[in-house]
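User: I'd love a close look at one part of this model, the place where its helices pack against one another. Could you walk me through it once the structure is up?

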Amino acid sequence: MRKSALFWFGLVVTSLVALGLVVLSSASAANAMRLHHGDAYFFIKRQFAYLVAGLAIAVGVALFDYRRWRNHTSLAWLFYLAVVVLLWAVFGFKAINGSHRWITVGPLRLQPSEFAKLSVVILLAAWLDRLGWKVELFWKGAFWPVAFAGGLLLPILLEPDFGSFMVVASAAFLMMFVAGTRIGHMAPFALLGVGVFVFKVATNANRMARLAAFFGMQLDVGAQVQDAAAQRAAYQANQALAAIGNSNVWGAGLGESMQKYLYLPEAHTDFVFAVGAEELGILYSVGVVLLFCAFFALSVYIARKASDRFGRFLVIGMAFIIFFQAMFNIGVVCKALPTKGMALPFFSYGGTNLLSAFFAVGTILSVGIHSYREKKRAFVNKVLLRT
C-alpha cells in the first residue's frame, strides 16, 4: 500500500465535497426562498451541519480498526439488526409522496435504507471472508448471503424504494461474485430478484408511468395518477436536459442558472447535477464524472493492496454503493435512464445520504490506513531480522 494512494483518495473526496457544496449553495437558493420564509441559505446551512457530522463519522470510522467487524461479528450483526428494525419502523410514520421511507423526529428526518447499503456490505464481507473455500457451497456461499440481503430488501421493496433496492441487491451480488460464489448458484436468486423487482414495478402506477414517459409511450389505462406521474417525470427530465443544453464550455456562470428558479422541481436534490452543468459548463460535467471514476479506481487499488480478504470485500462494497449511485443519478439527469429518485453522493441535499457516504469513505480509509501500517511494520521487522 502506497501512502500516496491514500493522499490522492482523500484529495478526490475533498474535491467532490467542496464542489458539491458550491453547486448546492447555488442550486438550493430558489427553493429555500420559497419553502423557508425567504432564507436562501436554509438548505446549505443544514447541509454544512450534516457535513461536520459526516466528517466526524469519517474520521472516527477511519481510525476504527476495520478488522473488529470480522473478529467480533456480534458488532456486524447488531448493526444489521438495528437497521432491520429501523426499516420496519418507517411504516409507523406518515407516508411522504406515497412512500414510507423516513423516520421523522422533530426537524430531523432519517432514511434507514441508506444504512441498509452499509449494513449489507459489512455483514456479507464478514460472512464471506470466514467461509474461505466453503463460499463455493450452495447453502453457505449463496443461500445464506441472499437471505441476509433479503432481510433488508423486503422492507425496502414494501416502502417502496426501488432505487435503494437496486443498490443493496447489486452490492450483495457483487460481493458474492468477488468472494468466489459460483455463478450457477447465484443465477436462480438473481433471476428471482429481477422477477420480483419487475413485478413490483409493473404493479406500481407511478413507476410504469415514468417508464412510459421515458420510452415515449402512452399507457392505455386512463388513470389520472399515471398521467400526472408521467407528466412530472417527463417534465423533470426535459428541464434537466434544458439546463445541460444551456451550458457551454464555461457555463452560464455560478448562480446564473435559470432552471433552478422553480422550473426544475428537485434542483437541490436529485437533479443538482443539471444545475451545476448549466452554471459551470462542460468542464464541470466531465470533471465530476472523472472524479467519481478516480474515486472508484483508487478504491480498487486500495482493495488490491489490502492486507486481507475482508478488507478487500469491504472496500469494493463501499466504493460500489457510492459509484453506482453517482453514475445512475447522472444517467437519469442526462435522460439516459428512466427518472428515478436517487441522490448524487456529496452533491444532493440530504443528511442521511451524506452521513452514509462519509461512513463508506471512512471504512475505505480504515482499510487503507491499517493495511499501510501493517505492511510498514512487517517491512521494519524484516529489516531488523536481517540486521
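Is the crossing of H7 and H9 left-handed or right-handed? Please start there and work outwards through whatever surrounds that pair.

Analyst: Happy to. Please keep in mind that this is a predicted model.

The crossing of H7 and H9 is right-handed. On the H7 side, the contact is made by Phe138, Ala142, Phe143, Val146 and Leu157, while H9 brings His185, Phe189, Val196 and Lys200. Sorted by class, the residues of this contact are seven nonpolar, one polar and one charged. As for the geometry, two packed helices are described by the angle between their axes and the distance between the axes. Here H7 covers residues 138-158 and H9 covers residues 183-202; they pack at an angle of about 15°, and their axes are 10 Å apart. Because angles under 35 degrees count as roughly parallel, H7 is roughly parallel to H9.

H7 has another partner in H5, which spans residues 73-89; the axes of H5 and H7 come within 9 Å and cross at roughly 20°. H5 and H7 are therefore roughly parallel to each other. The crossing of H5 and H7 is left-handed, whereas that of H7 and H9 is right-handed. From H5, the contact takes in Trp77, Tyr80, Val83, Val84, Leu87 and Trp88. H7 answers with Ala147, Phe148, Gly151, Leu152, Leu154, Pro155, Ile156 and Leu158. By class, the contact of H5 with H7 holds 13 nonpolar residues, one polar and no charged.

Now for the empty space around H7. Rolling a probe the size of a water molecule over the atoms shows where empty space is left. The second largest pocket encloses about 480 Å³, and its lining counts 24 residues. Nearest the centre of this pocket are Leu153, Phe165, Phe173, Phe189 and Gly193. Phe189 is worth a second glance, since you have already met Phe189 among the H9 residues in the contact with H7. At least two residues of the lining come from each of H7, H8 (162-179) and H9. The largest share, nine residues, is supplied by H7. The lining of this pocket has 21 nonpolar and three polar residues, with no charged ones.

Follow the chain on from H7 and you come to Pro160, in the loop between H7 and H8. Most residues other than glycine have a negative phi, and most peptide bonds are trans. The bond that joins Glu159 and Pro160 is cis, with omega at about -5°. Another backbone detail sits in the loop between H13 and H14, where you will find Lys335. Phi of Lys335 is near 65°, a positive value in a residue other than glycine.

H13 and H14 also take us to the enclosed spaces. The structure holds three cavities of 30 Å³ or more, and the largest of them has a volume of about 60 Å³. Among the residues lining the largest cavity are Glu114, Lys117, Ile321, Gln325, Pro345, Asn353 and Ala360. H6 (112-131), H13 (309-333) and H14 (351-386) are the elements that give two or more residues to this lining. H14 provides the largest share, four residues. Its classes are six nonpolar, three polar and two charged residues, whereas the lining of the second largest pocket has no charged residues.

Terms used:
Residues numbered from 1 in each chain as written. Predicted model: local features only at pLDDT ≥ 70, side-chain atom pairs only at ≥ 80, totals over all residues. Heavy atoms only, no water. 1 Å grid on protein atoms, 1.4 Å probe; cavity = no way out; pocket = protein on both sides within 12 Å on 5 of 7 lines; lining within 4 Å. Points joined across faces, edges and corners; volume = space filled by probe spheres on them. Nonpolar A, V, L, I, M, F, W, Y, C, P; charged D, E, K, R; others polar. Axes fitted to C-alpha atoms, helices over the stretch in contact; angles between N-to-C directions. Parallel < 35°, antiparallel > 145°, perpendicular 65-115°, else oblique. Left-handed = near helix turned anticlockwise from the far one by under 90°. Contact = heavy atoms within 4.5 Å.
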